[in-house]
Amino acid sequence: MADAEEPEKKRRRIEDLTEKMAVESGHKDSEWDGRWNHLRKFLERPGPFTHPDFEPSTESLQFLLETCKILVIGAGGLGCELLKNLALSGFRLIHVVDMDTIDVSNLNRQFLFRPKDVGRPKAEVAADFINNRIPGCKVVPHFKKIQDFDESFYRQFHIIVCGLDSIIARRWINGMLISILSYEDGILDPSSIVPLIDGGTEGFKGNSRVILPGMTACIDCTLELYPPQINFPMCTIASMPRLPEHCIEYARILQWPKEKPFGETSLDGDNPEHIQWVFKKSQERAAEFNITGVTYRLTQGVVKRIIPAVASTNAVIAAACATEVFKIATSAYIPLNNYLVFNDVDGLYTHTFEAERKENCTACSQVPQDLQFPPSAKLQEVLEYLTENASLQMKSPAITTTLEGKNKTLYLQSVKSIEERTRPNLCKTLKELGLSDGQEIAVADVTTPQTVLFKINFTA
């Protein structure tokens, strides 16, 4: 018996055969009879599970094929699955945004990429693959950060679906979609709503959710549902390391700001030179304490807070998200209301529930949130509250206010010169800073494109 083909060779042989059949049959660049029959069964006839107001017609399919614009954020494990699912579901006008490049470690689950693609932008490779493989599909790639686009870019899409591994990025796009909402006499204009379908995975666990900005619970309404990051005690990192992660954190937290290997540049988890430096220093630290297990991949995982991904979980969650996109785009079925949980750690478990809006949500409530502090409280305490409170979880808040008719920066961390100038304010009390009862402070943070307003209420 001949040796079995290697999986990669077998896959390529099947791809070549499929491509040849498509070209010979004339299907490569044109429609063919029956291509969309699987969609017509849902859209051109009634059924027991269709939306009560749904009227079967040919218009819904034409809308998918010719008009509906979808934005996919992220072209990683979830993003690859989403692009494939959406393209095969009739969505042809798709944009994909991703700021990352392909690494060898991505190839085991991000199936749109090949070894020859290592080092290239994920968005561009994913778009090329889908466009070449699925006739008529037009995926437009954007090798950028989501923060690089303005409101007009996001307004053009009918639906946005996220396959992100960053809570900060989720919160930012959530804030952007809330910022473009229009209100007339306090009433939300439905035409300004861009639905957000969000998917997330963590090992064998995952979730998908439907967010209608201004109507349903947003990302910030449910921050408590996101697991806190694992942080190691500083004393352990500095004095008694026992794990390879301790050595990596030592290099990241203590050595990087002290040695400044790239000047004043902040550590960038997506920069291979930065990761290589941390990796080398971590190995040296591990050798001092006879600790083994420091690898480049682990270093990257600790620096970027990466949680190992499971391909099957990505497939399930992406399928759930794509289904919700189809429901909303066609109005054929009632969308998820509004949160789905998936867990196959021990057996298989799924559950859906309705996450409720928070009246005092800083992102979508439209009113300043009250902060209760005595006049003797120091600005440092306010800063710690903004970063440590489970319902806020800000990262590097910049605090400003208006005093005597002028804007005044109380503290700003992101710019070194301003941080040094405003640092003494952290030790001053709110009264010493000139704040009064009921005074509003404006807080800017990387988690949102908007400035968030808070009202200081003095307590006895």
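1. Over the face of which residue does K69 lie, and at what distance from the ring centre? In this predicted model, K69 is placed over the face of F157, 5.6 Å from the ring centre. A second placement of this kind involves R285, which lies over the face of Y250 at 3.6 Å from the ring centre.

2. F157 also belongs to an aromatic cluster: ring pairs link F149, F153, Y154, F157 and W172. Within this cluster, F149 and Y154 form an edge-to-face pair, with 6.4 Å from centre to centre and 85 degrees between the planes. Both partners can be assigned by accessibility: F149 is buried, with a relative accessible area of 11%, and Y154 counts as buried at 0%.

3. A search of the whole structure finds twelve aromatic pairs. One of them is formed by F42 and F326; the pair is edge-to-face, at 6.2 Å centre to centre and with 75 degrees between the planes. F42 lies in helix α2 (residues 37–43) and F326 in helix α12 (residues 311–330), so the pair ties together parts that are 284 residues apart in sequence. As to exposure, F42 is partly exposed, its relative accessible area being 40%, whereas F326, at 10%, counts as buried.

4. The packing of helix α10 (residues 272–288) and helix α11 (residues 296–303) deserves a separate point. Their axes come within 9 Å and cross at roughly 110 degrees. Because crossing angles of 65 to 115 degrees count as roughly perpendicular, α10 and α11 are roughly perpendicular to each other. The contact is made on the α10 side by P272, I275, Q276, V278 and F279, and on the α11 side by Y296, T299, Q300 and V303. By class, this contact of α10 with α11 has six nonpolar and three polar residues, and no charged residues.

5. Which residues of α11 are buried? They are T299, Q300, G301, V302 and V303. The buried residues of α11 pack against α9 (244–259) as well as α10. T299, Q300 and V303 are thus named twice, as buried residues and as part of the contact with α10.

6. The backbone that follows α11 should also be noted. Just after this helix, R305 takes a positive phi of about 60 degrees.

Definitions and conventions:
Residues numbered from 1 in each chain as written. Predicted model: local features only at pLDDT ≥ 70, side-chain atom pairs only at ≥ 80, totals over all residues. Heavy atoms only, no water. Axes fitted to C-alpha atoms, helices over the stretch in contact; angles between N-to-C directions. Helix = DSSP H or I, 4+ residues; strand = E, 2+ residues; numbered from the N terminus. Parallel < 35°, antiparallel > 145°, perpendicular 65-115°, else oblique. Contact = heavy atoms within 4.5 Å. Nonpolar A, V, L, I, M, F, W, Y, C, P; charged D, E, K, R; others polar. Phe/Tyr/Trp six-rings, centres within 6.5 Å; stacked < 30°, edge-to-face > 60°. Buried < 20%, exposed > 50% of the residue type's maximum accessible area, 1.4 Å probe, protein only. Lys NZ or Arg CZ within 6 Å of the ring centre and 35° of its normal.
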